[in-house]
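Subject: Structure handover and notes

Dear colleague,

Here is the structure I promised to pass on, with my notes below it. Please read the notes with the structure open beside them.

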Number of protein chains: 2
Amino acid sequence: MNSFNILQQITSALESLNRSERKVADVILSDPQAATRSSIATLAKAAQVSEPTVNRFCKRFNTAGFPDFKLNLAQALASGVPYVNRNVEADDTADSYSPKIFEATIASLAYAKEKISPAVVNRAVDQLIQAKQILFFGLGASGPVAQDAQHKFFRFNIPVAAYDDVLMQRMVAAASGTGDVIVIISYTGRTRELVDIAELARASGATVIGITAPNSPLARHCTVVLDVEAPEDTDVYMPMTSRIVHLTVIDILATGVTLRRGPDFLRHLKAIKDSLKETRYPAEPRV
Amino acid sequence: MNSFNILQQITSALESLNRSERKVADVILSDPQAATRSSIATLAKAAQVSEPTVNRFCKRFNTAGFPDFKLNLAQALASGVPYVNRNVEADDTADSYSPKIFEATIASLAYAKEKISPAVVNRAVDQLIQAKQILFFGLGASGPVAQDAQHKFFRFNIPVAAYDDVLMQRMVAAASGTGDVIVIISYTGRTRELVDIAELARASGATVIGITAPNSPLARHCTVVLDVEAPEDTDVYMPMTSRIVHLTVIDILATGVTLRRGPDFLRHLKAIKDSLKETRYPAEPRV
DNA sequence: TGGAGGAGGTAAGTTTCTTACATATTTGTT
DNA sequence: AACAAATATGTAAGAAACTTACCTCCTCCA
């Protein structure tokens, strides 16, 4: 991977640049989009430095030269990953905070996309496909994620349930056994109760799949861990992007299970979907 | 905007290209990433055509020339928007379906980001901030979304509830009145029951905010409609990306309400968050 | 079968980028 | 304070990349 987002690199290196390079950086940051379209001569003139200075600037950021630099810049801009501090600020209006929230969400998905290990996904799907019963556990903001997962997996006609309170989770974990798969969803992986419950479930012989932070206490008690790294806490004291990544991981698991089931199974899903038709107003013709 | 995604344009224009240009297109599509790094000479050689042919190819796609073309290409690649048919296929493995799912999710968020109207967000926040009581309604896959919203808005110490079954929704809608805000979440906007419920709620004097498809039957009965356009049904008979967009819209509404409440309120949120500390294992030092 | 029009190539010209080298500026040392 | 060393920046030439103008060849139709 492309050593993530050259714009951020520039921003964070600003202090350590010397005078001329600083001028170049300022010009680029003031309008990165324009920078991608301009020639080295234009940019040098705008920054009031010589062309080789711009070239050296590019090399400092591990690019082959100016054209390569522009390419990286273009990609950084297109990736939707914000380059300056794009946290929501107290004086933001709807114009500014809604794109910020979309961007932050997109950025964490892009990050998770790179980080997720297909091998681990496969192992999780292996377990799910063999399960006699699947149980989804989540607390707080992860409660609805567990519900959502139940809603998805219910269609596989395997017994499936979701629990969002500690007492039920504990009882169910204790009562579980070989062939049961418990999927625990936790952003931090540091909720004591859930760690206990994972331990309990393992002791009873159940398989535990964790959708949680890598190397967390919870992760250590799981049979399979789907790492979802906890990004910095950019939101206003509420879990926002994390649960969306969790949901996407659930989608991936559901897709994995669907594909393993093969084409006959797709027909079964279609039947379920069709059964909803009558509850709906007919679709209107597209304009 | 950049007349979205040059790779898709190339793919769809494939048929209409003449022999040499077709060769160029093939080389580019076979490894677009490589194309962004190569010179016009390299690419011409790879496609076994002359350099001007490549140049003409670029101009055909409304770019100024080869460098500009490469820039567009780089952005298309980085945007995460898939360029070929990136639907999950029956023979996909975890290597291929997990990135596809991430990409599809990112693409719908990117789309929604452009489509959402800050003015409408503002009107929705206006309603929510004045609400005596907020109620979130969702059925099926939108049930968990409503739960999630409840979980978020609960922190605002306004009375808030979520309902995911039709009977309760109907009763609550009938019992509602002025000052109550009902947020109805529906992907299609064509579920008969929910349309009835919206009508009922309006008749009782409640404000109805819809997070649903534009111009749908449901949308017509709402006080404020947050459009979330229904993308083509790319997933395997399950709602996937739609509910993630809905959740993000909820995040935006919650953020809007938080900001309107002002700085004192942030302290209140922090207190709630801190209250969870004791239920956790301490964070481990970062490596 | 010949001519018109399009497709594609050649080669020269132009722009853009890079390198080598020279000059200036800063920093540290005595 | 003054000099040396290291670093920073610019100049100019050369190389690479890109574009344009023009020419040839092929195809298709009368």
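A polar contact is taken here as a pair of N or O atoms within 3.5 Å, and within protein one of them must be able to donate a hydrogen and the other to accept it, while residues adjacent in sequence count only if both atoms are side-chain atoms. Please keep in mind that this is a predicted model, in which local features need pLDDT of at least 70 and side-chain atom pairs count only at pLDDT 80 or more, whereas totals for chains, interfaces and linings use all residues. Residues are numbered from 1 along each chain as its sequence is written, chains are lettered from A and ligands numbered from 1 in the order in which they are written, and side-chain values use heavy atoms, with hydrogens and water left out.

DNA strand C

With that definition in hand, a polar side-chain atom of N18(B) lies 2.9 Å from a phosphate oxygen of DNA strand C. For S50(B), the distance from a polar side-chain atom to a phosphate oxygen of this strand is 3.0 Å, and for K70(A) it is 3.3 Å. Two or more residues each are given to the surface near DNA strand C by α5 (51-60) and α6 (66-78) of chain A, together with α2 (19-30) and α5 (51-60) of chain B; helices (H or I, at least four residues) and strands (E, at least two) are DSSP runs, numbered from the N terminus. The most is given by α5(A), with four residues.

A residue is called near a molecule or strand if one of its heavy atoms lies within 4 Å of it. There are 19 residues around DNA strand C, of which I40(A), N55(A), K59(A), S20(B) and T53(B) come nearest. Among the atoms of DNA strand C within 4 Å of the protein, 71% belong to sugar or phosphate and the rest to bases. By class, this surface has six nonpolar, seven polar and six charged residues, where Ala, Val, Leu, Ile, Met, Phe, Trp, Tyr, Cys and Pro count as nonpolar, Asp, Glu, Lys and Arg as charged, and the others, Gly among them, as polar.

DNA strand D

Around DNA strand D there are 18 residues, of which N18(A), S20(A), I40(B), N55(B) and K59(B) come nearest. Of the strand D atoms within 4 Å of the protein, 70% belong to sugar or phosphate and the rest to bases. An N or O atom in the side chain of K59(B) is 2.4 Å from a phosphate oxygen of DNA strand D, and one in the side chain of K70(B) is 3.3 Å from a phosphate oxygen of that strand. In S50(A), by contrast, a backbone N or O atom lies 3.0 Å from a phosphate oxygen of DNA strand D. The largest share of the surface near this strand, four residues, comes from α5(B), and the residues of that surface divide into six nonpolar, seven polar and five charged.

Chain A and the cores

Chain A has 13 helices and five strands, and buried residues make up 51% of its 287 residues; buried means under 20% relative accessible area, exposed over 50%, and partly exposed in between (1.4 Å probe, protein chains only). The largest nonpolar core, meaning a set of buried Ala, Val, Leu, Ile, Met, Phe, Trp, Tyr and Cys residues joined through side-chain atoms within 4.5 Å, has 87 residues, and those with the most contacts inside it are F136(A), F153(A), F136(B) and F153(B). Apart from this core lies another, of 24 residues, including L7(A), A13(A), L14(A) and L43(A).

Single residues

T36(B) sits in helix α3 (residues 32-37) of chain B and is buried, with a relative accessible area of 1%. Leaving aside neighbours within four places in sequence, T36(B) is in contact (heavy atoms within 4.5 Å) with L71(A), K70(B), L73(B), A74(B) and L77(B).

Q48(A) lies in the loop between α4 (40-47) and α5 of chain A, has a positive phi of about 55° although it is not a glycine, and is exposed, with a relative accessible area of 67%. Q48(B), in the loop between α4 (40-47) and α5 of chain B, also has a positive phi of about 55° without being a glycine, and at 66% relative accessibility counts as exposed.

With best wishes
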